[in-house]
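Dear colleague,

I am handing over the structure below, and after it you will find an account of what turned up when I went through it. Please read the text with the coordinates open beside you.

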Amino acid sequence: MRFFDQYRRFYETTGTLLKPNRFQQRWRIIIDENKAVLRGARVLDIASHDGRWSFAVLKAGASYVEGVEARPELVARARHTFPYYGIAQSAYSFLCQDALQYLAASRLPQFDIVLLLGFFYHTLKHLEILENVERTGARLIIIDTGVAADEEPVIRVGLEDANDIRNAVDHRSSGAGMVPVGLPSREALRLMLDWIGFDFGEIDWRDRVADFTECEDYYSGARGTFLAARRTL
Ligand SMILES: C[S@@+](CC[C@H](N)C(=O)[O-])C[C@H]1O[C@@H](n2cnc3c(N)ncnc32)[C@H](O)[C@@H]1O
């Protein structure tokens with residue numbers, strides 16, 4: 001049985017397109033394959049949406065998860081779902097806040113693992129985010145993101161509609177509707193992660209996934225899952 005078939009409420013609360021096989025394959029690659037490192041970990045879930053990956057990390061054995069999500073309606077969904085599935089209140093917290101603001105706090109809570117899932121192409125503040133994520137003390141950052149095809153270290157800048165619940169928020173409350181975002185290439189990710197002292201590796205989806213239904217972007221390489229581990233001296 002697929003992981004979220006047991007917790008079907010997430011099929012109703014998602015603000016992204018409902019694609020059960022995509023959910024399942026992402027769960028396998030991002031969560032299930034990293035069960036050993038998630039066990040007992042304190043996890044920060046940036047752009048936690050309806051709480052699905054926060055929920056999955058707790059089910060994988062994490063000791064605590066903090067979700068940060070800018071859209072109040074999504075935070076409300078997470079806060080309803082967790083008690084519904086009997087998750088102890090002490091195991092999680094959902095903050096309704098712009099991730100940039102959260103990460104800019106002078107005294108940042110400490111975490112073992114940070115999730116940047118489906119978020120790193122809905123911002124143009126990549127380096128600022130990574131520099132602050134480094135301050136959480138995390139030993140591992142899991143990044144799941146769209147990537148630009150360029151071989152050089154570039155961030156392709158564009159605009160997206162902040163009225164779409166899946167997208168960037170209008171962090172300046174400019175009322176403009178369209179906000180600037182950037183799609184990083186793999187080399188850009190590597191360069192920025194190296195700058196904050198993390199080694200970078202990509203999880204090979206093609207090696208691990210047989211059914212790419214609803215996951216065509218992972219197959220083509222337009223999206224990828226990356227593990228960044230803090231370098232030790
Ligand atoms: C495509 S969804 C990804 C959801 C989930 N993390 C996943 O990977 O399935 C992007 C999420 O980022 C949130 N978001 C966008 N900009 C944000 C910001 N500056 N701070 C916090 N959340 C943000 C959106 O509201 C949305 O829930």
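**Loops, sheet and ligand site**

A47 sits in the loop between β1 (42-46) and α4. Please keep in mind throughout that this is a predicted model. The phi of A47 is near 65 degrees, which is a positive value in a residue other than glycine, and most residues other than glycine have a negative phi. With a relative accessibility of 22%, A47 counts as partly exposed, because the buried class ends at 20%. The backbone of A47 also takes part in the ligand site, where one of its polar atoms is 2.8 Å from a nitrogen atom of the ligand.

Two side chains can be described in similar terms, since a polar side-chain atom of W53 lies 3.0 Å from an oxygen atom of the ligand, and a polar side-chain atom of E69 lies 2.6 Å from an oxygen atom of the ligand. The protein covers 96% of the 600 Å² of accessible area that the ligand has on its own. There are 21 residues around the ligand, and those that come nearest are R26, H49, R52, E69 and R71.

The loop that holds A47 leads to helix α4, which spans residues 52-59 and has seven of its eight residues buried, so that the helix is largely enclosed by the rest of the structure. The buried residues are R52, W53, S54, F55, A56, V57 and L58. Just after α4, G61 takes a positive phi of about 110 degrees.

R52 also brings in T14, a residue of the loop between α1 (9-13) and α2. The side chain of T14 makes a polar contact with the side chain of R52 at 2.7 Å, and another with the side chain of T16 at 2.8 Å. Leaving aside residues up to four places away in sequence, T14 touches F23, H49, D50, R52 and R77. The relative accessible area of T14 is 12%, so T14 is buried.

As for the sheet, seven strands form an open arrangement with mixed pairing, in the order β3-β2-β1-β4-β5-β9-β8. Its edge strands are β3 (92-96) and β8 (198-203), each of which pairs on one side only, and the twist averages 15 degrees from one strand to the next. At the β3 end of that order, strand β2 (residues 64-69) pairs with β3 in the parallel sense over five bridges, and Y92 in β3 is the bridge partner of V65.

Two helices that pack on this sheet can be described together. Helix α2 (residues 20-31) touches β4 (113-117), β5 (140-146), β8 and β9 (223-230), and its direction makes about 20 degrees with that of β9. Helix α7 (residues 126-134) likewise touches β4, β5, β8 and β9, while its direction makes about 160 degrees with that of β4.

One further backbone detail may deserve a look on your side. S173, in the loop between β6 (155-161) and β7 (178-184), has a phi near 45 degrees, again a positive value in a residue other than glycine. At 65% relative accessibility, S173 counts as exposed, whereas A47 counts as partly exposed.

With best regards

Technical notes:
Residues are numbered from 1 along each chain as its sequence is written. This is a predicted model: local features need pLDDT of at least 70, side-chain atom pairs count only at pLDDT 80 or more; totals for chains, interfaces and linings use all residues. Side-chain values use heavy atoms; hydrogens and water are left out. Buried means under 20% relative accessible area, exposed over 50%, partly exposed in between (1.4 Å probe, protein chains only). Helices (H or I, at least four residues) and strands (E, at least two) are DSSP runs, numbered from the N terminus. Two strands pair if DSSP finds at least two bridges between them. Axes are lines fitted to C-alpha atoms, for helices over the stretch in contact, and angles run from 0 to 180 degrees between N-to-C directions. Contact means heavy atoms within 4.5 Å. A residue is near a molecule or strand if one of its heavy atoms lies within 4 Å of it. A polar contact is a pair of N or O atoms within 3.5 Å; within protein, one must be able to donate a hydrogen and the other to accept it, and residues adjacent in sequence count only if both atoms are side-chain atoms. Accessible areas come from the Shrake-Rupley method with a 1.4 Å probe; for residues, only the protein chains shown count as cover.
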